[in-house]
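Q: Hey, could you walk me through this one? I'd like to get a feel for it before going back to the bench.

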Amino acid sequence: MSRKPELKGRAARLARLFPTAGGGGQAARTPFVLLVVLLLGGGLIGLLVLNSALSEGSFKLDDLERETKSLTDQEQALQRDIDSYSAPDALQRRARELGMVPGGDPAFLDPDGTVKGVPGAATQQAYTQVVPPPEAVVPLTATSVPPTPTPGPAVTPTPSPAPTASSATPTPGR
């Protein structure tokens, strides 16, 4: 017949904070254990979602880097084409294929309206070739690799003008 002593004052208040060793302690632990399990489970699920999102972002980054490299290579190829078409000898060759000739002597207008210089017409005879055609270029060594042709429109040579009567050679026997 043991009886618990009655506690008074401060000791009574502290005793109420701690659960007793009977069935009341089990009921107080159940919500705490459920709370801890839910927090741990939620944390693990959150970590799994975060890890999946990071992996997906990594795959997207790899795809974008690959696409960027492909587009950079394409840009460089297009820039090489532009550079080859805008070179002076290429422009001169293309102009010659289109039948263009260099301009004649220029004339200049002063602000008061007077003309300086004597303008001259551009003629085919005034045209002198500065850059040899690519067929006339001879490689320096036999071991050099010939340049690879660049894809582009097919170029057809323009026919040369027919000789005039003054440039024809007399035939013997006349």
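Q: Let me start with one residue I spotted. Is Glu56 buried, partly exposed or exposed?

A: Glu56 counts as partly exposed, at 46% relative accessibility. Keep in mind that this is a predicted model.

Q: OK, and which residue does Glu56 form a salt bridge with?

A: Its partner is Lys60, and the closest N and O atoms are 3.7 Å apart.

Q: How far apart are Glu56 and Lys60 in helix α2?

A: They are 4 residues apart in that helix, so about one helical turn separates them. Side chains of opposite charge can pair when their charged atoms come close.

Q: What about Asp73, which residue is its salt-bridge partner?

A: Asp73 pairs with Lys69, with 3.4 Å between the closest N and O atoms. These two are also 4 residues apart in helix α2, which puts about one helical turn between them.

Q: And how accessible are Asp73 and Lys69?

A: Asp73 is partly exposed, with a relative accessible area of 38%. Lys69 counts as exposed, at 53% relative accessibility.

Q: How many salt bridges does a search of the whole structure find?

A: It finds 5. One of them joins the side chains of Lys116 and Asp110, at 3.9 Å from N to O.

Q: Let's stay with Lys116, then. Where does it lie?

A: Lys116 lies in strand β2, which covers residues 115-116. It counts as partly exposed, at 48% relative accessibility. Its partner Asp110 is partly exposed too, with a relative accessible area of 25%.

Q: Leaving aside neighbours within four places in sequence, what is Lys116 in contact with?

A: Ala107, Phe108 and Asp110. So Asp110 turns up both as a contact of Lys116 and as its salt-bridge partner.

Q: How far is Lys116 from Pro106, going by C-alpha atoms?

A: The C-alpha atoms are separated by 9.0 Å, and the two residues are 10 apart along the chain. Pro106 itself lies in the loop between α3 (88-97) and β1 (108-109).

Q: Is Pro106 buried or exposed?

A: Pro106 is exposed, with a relative accessible area of 52%. Its C-alpha atom is 5.1 Å from that of Pro119, a residue 13 places away along the chain.

Q: Changing topic: which residues make the nonpolar surface patch?

A: Phe32, Val33, Val36, Val37 and Leu40 make it, and it comes to about 470 Å². Leu40 lies in helix α2, which runs over residues 24-85, and is exposed, with a relative accessible area of 57%.

Q: Now the big picture. What does the secondary structure come to?

A: The protein has 3 helices and 2 strands. From the N terminus on, the elements run α-α-α-β-β.

Q: And what share of the residues counts as buried?

A: Of the 174 residues, 3% count as buried. The protein exposes about 16,100 Å², and carbon and sulfur atoms supply 65% of that area.

Q: What about contacts between residues that sit further along the chain from each other?

A: Take the contacts between residues at least 6 apart in sequence: 35% of them join residues at least 24 apart.

Q: Last thing, the confidence. What is the mean pLDDT?

A: The mean is 75, and 63% of the residues reach 70 or more. Confidence is lowest in helix α1 (residues 10-17), at a mean of 76, and highest in α2, at 92.

Q: Where does pLDDT stay under 50?

A: One such stretch is residues 139-146, for which the model has 1 contact beyond four places in sequence. Another is residues 149-157, where pLDDT also stays under 50 and the model has 4 contacts beyond four places in sequence.

Q: Nice, so which helix should I remember for highest confidence?

A: That would be α2, with a mean of 92. The Glu56 and Lys60 pair sits in α2, as does the pair of Asp73 and Lys69.

Note on methods: Residues numbered from 1 in each chain as written. Predicted model: local features only at pLDDT ≥ 70, side-chain atom pairs only at ≥ 80, totals over all residues. Heavy atoms only, no water. Patch = residues over 30% accessible without salt bridge, like charges linked within 9 Å, V, L, I, M, F, W, Y side chains within 5 Å. Areas by Shrake-Rupley, 256 points an atom, 1.4 Å probe, with all protein chains shown as cover. Salt bridge = Lys/Arg side-chain N within 4 Å of Asp/Glu carboxyl O. Buried < 20%, exposed > 50% of the residue type's maximum accessible area, 1.4 Å probe, protein only. Contact = heavy atoms within 4.5 Å. pLDDT = per-residue confidence, 0-100.
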